[in-house]
Amino acid sequence: PAVWAREGGGIALGDNAAISAANDSALYSEGQGSAITIGKNSVINGGMYAYNESDPLKSQGYPSGTVWATQNGLITIDDGARLTANVVDDAMVGYNVVYADHGGAVEIGDNSIIAVASTGAGSHNYNVFAGSKVNNSTGHITIGQNAVITSDTRRGYGLLAIQNGSTIELGDGAAFTMLENGNVGAGAQAGGALIIGNDVGMDLGPNAKGLEVMEASSLTAGNNLKITAGDSSYGIYVGDLTQNYGHNAVTLGDNTQIILKDFHNTGIAAVGNSSVSLGDNTKIEIVNGTLWTSNVGIRARATDFLADDETALVSLGDGAHIQVRGNGSYGITAEDNSQGQAAGAKVVLGSNASVTMEGDNAHGIAARGLNASVLTGDNTTISTDGARSHGAYATYGGTTELGSVAVITTTGHNAHGVLAENGGYVNLTNAAIETNG
């Protein structure tokens, strides 16, 4: 490493430091009591070894970060830092800009730039990574306000907290730009925890996930989160599809926006033992793709390994706006695949929600399965435009229930305002239903 504190050693550098390590960590703090302190407006660059067939481990994450704190070491970097990992080979994977494991901690001030810069087509390189599954250790990373997080490699994470006890805290005003294929803005796995501030924006490419929480982990974000992504993406994905590791939880503030482009997208998915809670004025739009593809605004899905008191739950406050385009799409769907053995799948909306659909077989709200339910507050508005596109739909024992003064409008052949079949149940009070087609 260019700068290495170990065995309780301490290093302090002032403002405007410039540190570079072409094939190694730039800052490395190792051991209890070891500490590196960097002043304002630093420029810190680290990089991977070029791929070497005789020593392939050099392209598999050694070293592990431009800035790396391990074995309870500490690194503190003041405001205005520019931190970069230079990935120079297509085969390079597993390199991080900021990394903390084995109890290490990194603290970064305001107005930082944290960038993965690639001259090839490397993948799985992470901007900020706390913890490790491989060595079952934790890390702790704190980043101040107005961070800029960029990456031009594939299938990486902007933030990843992994392992029970690992934490990442990100301040207000952060901006993510990760436009290559398959990236995740912020993720938590294996008990990791993320805390994200207000006014955070994520601009992602195709096959992306804005937020991903799995394996009994948690994520909390403030108000005004905005996620934009390309085709085949999830705005928010929470849960475990094949095994119950424990409860996953996401809690977001008011004014969340999820804008997904093109096709095969899902705004919010809660799968298995999981919950997603959003405040008022959530906006989900999937509208600019071809009609010949399906999309989903919100999906709650109970799986067959859930216990009888476990639920896949999505809850939103007042004023939610959901607009989806595409044949075979759903605005909101709750699906119980547990054969009734779990508490089920549930989506709950507050008052003054609107659901707008365009496409054939594109339903506004739907509940499918014995313990599946969609519940909305008063003054819900549902509009569909397409053949066989129903406003409120319940089947196979599912339940949809709308609050008072709901308005349902459908336009299209065989497009029912309300349809219950195969033991499904729909409950409305003082509703107005209009069909045109």
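Buried here means under 20% relative accessible area. The close-ups below all come from a predicted model.

**Figure 1. Strand E19 and its two parallel partners.** Strand E19 spans residues 184–189, and 6 of its 6 residues are buried. On one side, E19 pairs with strand E16 (residues 157–162) in the parallel sense, over 5 bridges. Leu-159 stands opposite Ala-186 of E19. E19 also pairs with strand E22 (residues 209–213), again parallel, over 4 bridges. In this second pairing, Gly-187 faces Glu-212 of E22 as its opposite residue.

**Figure 2. Strand E16 and its pairing with E13.** Why does E16 count as largely enclosed by the rest of the structure? Because 6 of the 6 residues of E16 are buried. Strand E13 (residues 126–130) runs parallel to E16, and the two pair over 3 bridges. Phe-129 stands opposite Leu-160 in E16. E16 also pairs with E19, in the parallel sense, over 5 bridges.

**Figure 3. Ile-149 in strand E15.** Ile-149 belongs to strand E15, residues 148–151. Its relative accessible area is 0%, so Ile-149 is buried. Which residues does Ile-149 contact, leaving aside its neighbours within four places in sequence? They are Ile-114, Asn-127, Gly-158, Leu-159, Leu-170, Ala-175, Phe-176 and Thr-177. Thr-290 gives a longer reference distance: 141 residues separate Ile-149 and Thr-290 along the chain, and 31 Å separates their C-alpha atoms.

**Figure 4. Ser-29 and its polar contacts.** Ser-29 lies in strand E4, residues 27–30. Ser-29 counts as buried because its relative accessibility is 0%. What does its side chain reach at 3.1 Å? The side chain of Ser-29 reaches the backbone oxygen of Ser-34. A polar atom of that side chain also lies 3.1 Å from the backbone nitrogen of Leu-74. Residues up to four places away in sequence are not counted in the list of residues that Ser-29 touches. That list holds Ala-5, Ser-34, Ala-35, Ile-36, Trp-68, Ala-69, Thr-70, Gly-73, Leu-74 and Ile-75.

**Figure 5. The Trp-68 and Tyr-99 ring pair.** The structure holds 7 aromatic pairs. In one of them, Trp-68 and Tyr-99 are tilted, with 5.7 Å centre to centre and 45° between the planes. This pair links distant parts of the chain, as its residues are 31 apart. Trp-68 sits in strand E7 (residues 65–70), and Tyr-99 in strand E10 (residues 96–100). Buried or exposed, for Trp-68 and Tyr-99? Both are buried.

**Figure 6. An aromatic cluster, and charges over rings.** Trp-4, Tyr-28, Trp-68, Tyr-99, Tyr-126, Phe-129 and Tyr-157 form one aromatic cluster. A charge sits on a member of this cluster: the charged end of Arg-6 lies over the ring of Trp-4, 4.7 Å from its centre. A second charge and ring involve Lys-209 and Tyr-237. Lys-209 lies over the face of Tyr-237, at 4.5 Å from the ring centre.

**Figure 7. Two nonpolar cores.** In soluble globular proteins, nonpolar side chains tend to be buried together. How many residues does the largest nonpolar core have? The answer is 95. Those with the most contacts inside it are Leu-27, Ile-77, Leu-83, Leu-159, Leu-219 and Val-314. Leu-83 illustrates the packing: leaving aside neighbours within four places in sequence, Leu-83 is in contact with Ile-44, Val-67, Ile-77, Val-97, Val-98, Ile-108, Ile-113, Ile-114 and Ala-115. Another core, of 10 residues, lies apart from the largest one. Its members include Tyr-28, Phe-129, Ile-162 and Ala-190.

**Figure 8. Strand E42, with a covered and an uncovered face.** Strand E42 spans residues 407–411. Which residues make up its covered face? They are Ile-408 and Thr-410. The uncovered face holds Val-407, Thr-409 and Thr-411. Strand E39 (residues 381–385) runs parallel to E42, joined by 5 bridges. Thr-381 has Val-407 as its bridge partner in E42. E42 is also joined to strand E45 (residues 432–436), in parallel, by 5 bridges. There, Thr-410 has Thr-435 as its bridge partner in E45.

Terms used:
Residues numbered from 1 in each chain as written. Predicted model: local features only at pLDDT ≥ 70, side-chain atom pairs only at ≥ 80, totals over all residues. Heavy atoms only, no water. Buried < 20%, exposed > 50% of the residue type's maximum accessible area, 1.4 Å probe, protein only. Pairing = 2+ DSSP bridges. Phe/Tyr/Trp six-rings, centres within 6.5 Å; stacked < 30°, edge-to-face > 60°. Lys NZ or Arg CZ within 6 Å of the ring centre and 35° of its normal. Contact = heavy atoms within 4.5 Å. Core = buried A, V, L, I, M, F, W, Y, C linked by side-chain atoms within 4.5 Å. Polar contact = N/O pair within 3.5 Å; in protein donor to acceptor, adjacent residues only side chain to side chain.
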